[in-house]
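User: Please explain the terms applied to this structure, setting each value against its definition.

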Amino acid sequence: MNQQQAEKFYHKKMFDQKTNRLNTSCVKWDLRQQLFGGTDVLPMWIADMDFMAPPSVIDALVQRARHGVFGYSFVPDSYYAAIINWLQRRHGWQVEKEWLAQSPGIVPALCMLIRCFSAPGDKIIIQQPVYYPFSEIIALNDRVLVNNALKFDGQRYIMDFVELEQQLAAGAKIFIFCSPHNPVGRVWNKDELERVGQLCQKYNTLLISDEIHADLVYPDHKHIPIASLAKSFLNNIITCMSPSKTFNLAGLQAAYLIIPNAEMRKRYEKEQHSLCLNYPNNFGIVALEAAYNTAESWLDELLVYLAANLKYLTEFIVQYIPQIKVIHPEGTYLVWLDCRALGMNGTELKNFFYQEAKVALDIGDKFGAGGVGFARINIACPRELLVDGLQRIKDTIHAR
Ligand SMILES: Cc1ncc(COP(=O)(O)O)c(C=O)c1O
């Protein structure tokens, strides 16, 4: 067995390995009693993975921890280099060091951006059903939500460009774009991205592109950073990225933004400074660098494992739970399930999954109006857990 084969074998074993996450202040597992009414509920909700981070990232963190001094730090050049090389290698996008800014997370970054580039009462476009904090932060910041609802064409979700243009023309200040899209799993193609970019440019609307799921794309699809498509787009697009979904580092808070427009960058940095959020977390920096510099083969194996989990889920549901329809994702480890044929409203669906099947999925209505009757399942777990969760749903439906 050569080095490459050995790594593959080791990674495959790692993804199959069940890790006990109990008593680690883990939202997904340790809050089951409060959130779902029992500790016997299998959690397949919130977007983190039940896999250990790449071994090289763990080693780098242990080494940093052993140093033992955790004082204030700054963002080193090596951090910028790791991001620049990653974006070039994985996404073919050449970004400049000075375009980069950091944030503890993408949601905090979105909040700061909303505050920088809009005022209370301004309209902000999102595309529901979508990652629910988008609507929460719009409301919390007293902005007005404008929903450019995604449409299901029988196969996949698509954008309504006619309505989008009307909404932009009506004076929306910001469009928060989810690319790849959580929860519907679309990896937007070049044509779609060009239309979005051109429309925002035409109406001078700031496009904030949340690309946190950029690295998690299935074969036959390719993520394209929207800002990379045209030089002219760089002026009014801010891209938000992070290694947190890709390498399971959400608790380390190491997101970053790409803001090519110097004036906009200055405004963002001022906002960040005013909140004193400009000191990075020691461990976040170390983890990002280790992940981007040394864990690419781990990611490639992860993608193989996720594709196999997706295949298993799809075949299982087609065969045993035909009442549920899988909306086939092109990216992300989150799968959008059409449960409307079960004939349940939001509360009934919740009770069905949490109390009867004892599986915690994210119930669709929290993603906005278009989510009613749907649920989102997280398949980033060892196969054994996925099988357990699907079996529970199947048995409960069959027993009704
Ligand atoms: C689209 C999207 N944006 C942002 C986040 C969260 O980002 P962060 O933890 O960096 O705030 C998630 C997490 O699921 C997400 O799916």
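Analyst: A polar contact is a pair of N or O atoms within 3.5 Å; within protein, one must be able to donate a hydrogen and the other to accept it, and residues adjacent in sequence count only if both atoms are side-chain atoms. This is a predicted model, in which local features need pLDDT of at least 70 and side-chain atom pairs pLDDT 80 or more, while totals for chains, interfaces and linings use all residues. Residues are numbered from 1 along each chain as its sequence is written, and side-chain values use heavy atoms, without hydrogens and water.

User: What makes the pair formed by His213 and the ligand a polar contact?

Analyst: A polar side-chain atom of His213 lies 2.8 Å from an oxygen atom of the ligand; the limit is 3.5 Å, so the pair qualifies. Asp210 places a side-chain N or O atom 2.5 Å from a ligand nitrogen, and Val107 has a backbone N or O atom 3.0 Å from a ligand oxygen.

User: Which residues surround the ligand?

Analyst: Among them are Ala47, Tyr131, Cys178 and Lys245; the criterion is a heavy atom within 4 Å.

User: Why is the peptide bond from Gln128 to Pro129 called cis?

Analyst: Its omega is near 0°. The bond from Ser179 to Pro180 is also cis, with omega near -10°. Most peptide bonds are trans.

User: What is notable about the phi of Ser25?

Analyst: Ser25 has a positive phi of about 55° although it is not a glycine. Most residues other than glycine have a negative phi.
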